[in-house]
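Me: I would like a close look at a single part of this structure. Please take one sheet and follow its strands, what packs on them and which charged pairs they take part in.

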Amino acid sequence: MKELRDIYKAYREATSLGKRTALATVVEISGSSYRQPGARMLITDDGNFTGAISGGCLEGDALRKALLVIRSNNPNVVTYDTSDEEDAAIGVALGCNGIIHILIEPIDVNNPLNIIEQLAEILDSRTTNLLVTRFSIKNRKSISSGTTLFNNVNSSELFHRASEVLNNGVTTSELLPGDTQEKVLYDVIHPALRLVIAGGGNDVMPLVQMADVLGWESIVADGRTTHATRQRFPLATQVLLTRPAELAEKVLADDRTIFLLMTHNYNYDLVVLRSVLDSATKYIGILGPKNKTEKLLAEVSGKEGLTSEQAEKIYGPTGLDTGAENAQEIALSICAEINSVINGRRGGNLRKRQIPIHTEEDQQA
């Protein structure tokens with residue numbers, strides 16, 4: 001979501017200055033690649049770009065091809081074979097061992113339904129959305145190639161299939177129904193992660209800063225007028241001066257909402273935990289020693305104990321075991337664990353992973 005937000009902002013700035021733009025989208029890969037289908041980059045006619053389609057290896061050549069697309073006003077699918085070490089076409093040794101297909105489409109500033117304008121509908125949405133990109137590898141300059149928002153798909157058959165992908169929640173590319181030449185990338189766009197942090201202490205500051213860098217939203221809540229202030233948390237999406245029992249009422253939780261109990265006030269944390277335990281969240285992080293978490297859970301669950309669904313979302317102490325000591329390191333540890341949980345990963349060392357980093361099973365998590 002952060003990449004799309006940055007692209008939209010760059011587009012608005014470019015059009016205000018009379019610049020023309022094109023959008024590059026990774027539509028299909030074979031083998032390994034630094035970025036996955038759905039990665040995007042906006043290019044302006046003066047050679048600037050926002051976003052990324054690789055680790056920095058393809059951007060330069062893609063930029064040059066995008067300028068040709070802008071001049072011709074016709075889309076084009078460009079293919080890079082990063083497994084061919086003898087191929088000097090892109091001037092670098094990528095070593096990714098993959099074939100990457102990238103659609104570059106011109107953006108018509110006079111069309112109110114161009115894909116960048118459509119992004120405004122989903123950037124602040126708390127629902128999952130879908131971008132639908134048509135492309136052809138066999139007919140690389142097909143004029144029907146391009147991207148639209150799911151709601152604006154004008155083919156009933158395509159709309160039906162897009163609905164299925166949206167319900168499944170997994171980005172995929174496949175042949176267009178009834179066609180052997182054209183393909184479709186169905187790119188699932190999830191809402192930004194939202195951290196709801198109970199506590200406005202100094203140790204929350206680097207966490208809010210890190211969330212901002214990651215493109216996550218953050219809501220800081222505290223009952224103290226000295227702590228719940230915009231001056232202390234200028235990068236927070238929202239700062240709430242609230243009683244603990246009111247927090248869950250003020251924030252409607254979904255499965256992309258994260259709760260972190262960081263008040264250093266046991267009673268405040270206890271009330272918040274009671275109010276969010278049965279919410280849609282997948283992660284409730286509790287700062288502090290393990291015995292604090294155990295005591296809190298004993299109080300909220302009573303003799304019956306937690307249900308398996310409730311226990312699954314409790315992370316206390318919060319964070320990965322990285323040896324974190326200061327507030328900045330703890331914030332990194334917490335963000336890393338949240339990211340791994342949301343993506344269905346265990347947060348282990350990649351060198352010990354025996355299968356590719358990007359797999360279909362991981363996308364379904």
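Reply: What follows goes through one sheet, strand by strand, and then through the salt bridges of one of its strands.

The model is predicted. The sheet is open and has 4 strands, in the order β7-β6-β9-β8, with antiparallel pairing. Its edges are formed by β7 (146-149) and β8 (172-175), each of which pairs on one side only. From one strand to the next, the twist averages 20 degrees.

Now look at the pair β6 and β9. Strand β6 covers residues 129-135 and strand β9 covers residues 183-189; the two run antiparallel and are joined by 7 bridges. To find one of these pairings in the structure, start at Phe135, whose bridge partner in β9 is Lys183. Helix α4 (residues 156-168) packs on the sheet, where it touches β6, β8 and β9. The direction of α4 makes about 130 degrees with that of β6.

Next come the charged side chains of β9. Side chains of opposite charge can pair when their charged atoms come close. Lys183, the bridge partner of Phe135, also forms a salt bridge with Glu28, and the closest N and O atoms of this pair are 2.9 Å apart. Glu28 belongs to strand β1 (residues 21-31) and Lys183 to β9, so this salt bridge ties together parts that are 155 residues apart in sequence. The two partners fall into separate classes of exposure. Lys183 has 22% relative accessibility and counts as partly exposed. Glu28 has 14%, which is under the 20% cut-off, so Glu28 counts as buried.

Strand β9 takes part in another salt bridge through Asp187, whose partner is Arg40; here the closest N and O atoms are 2.7 Å apart. Arg40 lies in strand β2 (residues 40-44) and Asp187 in β9, so the pair ties together parts that are 147 residues apart in sequence. Asp187 and Arg40 are both buried.

Taken together, β9 is joined to β6 by bridges, is touched by helix α4, and has salt bridges reaching to β1 through Lys183 and to β2 through Asp187. For the wider setting, the count of salt bridges comes to 19. Among the others, Arg126, Arg194, Glu217 and Asp254 are linked in a network.

Notes:
Residues numbered from 1 in each chain as written. Predicted model: local features only at pLDDT ≥ 70, side-chain atom pairs only at ≥ 80, totals over all residues. Heavy atoms only, no water. Pairing = 2+ DSSP bridges. Axes fitted to C-alpha atoms, helices over the stretch in contact; angles between N-to-C directions. Contact = heavy atoms within 4.5 Å. Salt bridge = Lys/Arg side-chain N within 4 Å of Asp/Glu carboxyl O. Buried < 20%, exposed > 50% of the residue type's maximum accessible area, 1.4 Å probe, protein only.
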